[in-house]
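Reader: I am new to reading protein structures, and I would like to go through one slowly, with the reasoning spelled out at each step. Could we look at it together?

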Amino acid sequence: MSIPEITIIISSYKREKQVIRILGNLIKYKPKNLKLEVLVCDSYSNYSLDDFLEQKFHNLSIKYLNIEKNVLAAKRNYGISKSSYNKIILLDDDCIPDENFLEFYLNELQSCGERTIL
């Protein structure tokens, strides 16, 4: 059985502390049997995510993307266009995932079609 692959797109603007908390929880609670890509789509808030971006995480990729428009839909669409994986979770910057977040969505996505957005 192949390892599941999921992209999480975090749309954000000027909420650096929340984004850092989200990334920390995703790293902490990521199941070992999951390839996870996280795309932070921002509008030039100039976050200091260097601690996360410089580290190597097992089966985890974090990318910080900027987009001119500070419009939620534009950020999500941009993230989707840059996604490496077909299974996508859209997450706002004020939603801090708990320990069951990834397990729940992993189970839900495995029962869905090939290209799925939750």
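Reader: What percentage of the 118 residues of the protein count as buried?

Author: The model is a predicted one, so every value discussed here is computed from predicted coordinates. A residue is called buried when its relative accessible area is under 20%. Among the 118 residues of the protein, the share that counts as buried is 41%.

Reader: How much surface does the protein expose, and what percentage of it do carbon and sulfur atoms supply?

Author: The exposed surface of the protein comes to about 6800 Å². Of that area, the part supplied by carbon and sulfur atoms is 46%.

Reader: What pattern does the protein follow when it is read along the sequence?

Author: The protein has four helices and five strands. Read along the sequence, these elements give the pattern β-α-β-α-β-α-β-α-β.

Reader: Among contacts with a separation of 6 or more, what percentage comes from residues 24 or more positions apart?

Author: A contact here means heavy atoms within 4.5 Å. When the contacts in the protein with a separation of 6 or more are considered, residues 24 or more positions apart account for 78%.

Reader: How far apart are the end C-alpha atoms of helix H1, and what span should its 14 residues have?

Author: Helix H1 covers residues 16-29, and at 1.5 Å a residue its 14 residues should span 20 Å. The expected span agrees with the distance between the end C-alpha atoms in the model, which is 20 Å.

Reader: Where do the buried residues of H1 fall when one looks down its axis?

Author: The buried residues in H1 are Val19, Ile22, Leu23, Asn25 and Leu26. Seen down the axis of H1, these buried residues fall within an arc of 165 degrees, so they line one face of the helix. On the other side of H1, the exposed residues are Lys17, Arg21 and Lys28.

Reader: Is asparagine 25 buried or exposed, and which residues does it touch?

Author: Asparagine 25 is found in helix H1, and with a relative accessible area of 18% it is buried. Asparagine 25 and glutamate 99 are 74 residues apart in sequence, yet their C-alpha atoms are 7.4 Å apart in space. Leaving out residues up to four places away in sequence, asparagine 25 touches Ile96 and Pro97.

Reader: How do the buried residues of helix H4 lie around the axis?

Author: In helix H4, which covers residues 101-110, the buried residues are Phe101, Leu102, Leu106 and Leu109. They cover an arc of only 120 degrees around the axis, which puts them on the same side of H4.

Reader: How many aromatic pairs are there, and is the pair of tyrosine 47 and tyrosine 64 stacked, tilted or edge-to-face?

Author: Rings pair if their centres lie within 6.5 Å, and by this rule the count comes to three aromatic pairs. The rings of tyrosine 47 and tyrosine 64 have their centres 5.8 Å apart and their planes at 45 degrees, so this pair is tilted. It links distant parts of the chain, 17 residues apart, with tyrosine 47 in the loop between strand E2 and helix H2 and tyrosine 64 in strand E3. As for their surroundings, tyrosine 47 is buried at 9% relative accessible area, whereas tyrosine 64, at 22%, is partly exposed.

Reader: What kind of pair do phenylalanine 104 and tyrosine 105 form, and which residues do ring pairs link into a cluster?

Author: The ring centres of phenylalanine 104 and tyrosine 105 are 5.1 Å apart and the planes stand at 85 degrees, so the pair is edge-to-face. Phenylalanine 104 counts as partly exposed at 46% relative accessibility, and tyrosine 105 counts as partly exposed at 22%. The cluster that ring pairs link together consists of Phe101, Phe104 and Tyr105.

Reader: How many disulfides does a search of the whole structure find?

Author: For a disulfide, two cysteine sulfur atoms must lie within 2.5 Å. Cysteine 41 is buried, with a relative accessible area of 0%, while cysteine 95 counts as partly exposed at 33%. The number of disulfides found in the whole structure is zero.

Reader: What is the phi of lysine 14, and what is that of tyrosine 44?

Author: Most residues other than glycine have a negative phi. Lysine 14, in the loop between strand E1 and H1, is exposed at 60% relative accessibility, and tyrosine 44, in the loop between E2 and H2, is partly exposed at 44%. Both have a positive phi although neither is a glycine: for lysine 14 the value is near 55 degrees, and for tyrosine 44 it is about 60 degrees.

How values were computed
Residues numbered from 1 in each chain as written. Predicted model: local features only at pLDDT ≥ 70, side-chain atom pairs only at ≥ 80, totals over all residues. Heavy atoms only, no water. Helix = DSSP H or I, 4+ residues; strand = E, 2+ residues; numbered from the N terminus. Expected span 1.5 Å × (residues − 1). Buried < 20%, exposed > 50% of the residue type's maximum accessible area, 1.4 Å probe, protein only. Arc of directions from axis to C-beta. Phe/Tyr/Trp six-rings, centres within 6.5 Å; stacked < 30°, edge-to-face > 60°. Areas by Shrake-Rupley, 256 points an atom, 1.4 Å probe, with all protein chains shown as cover.
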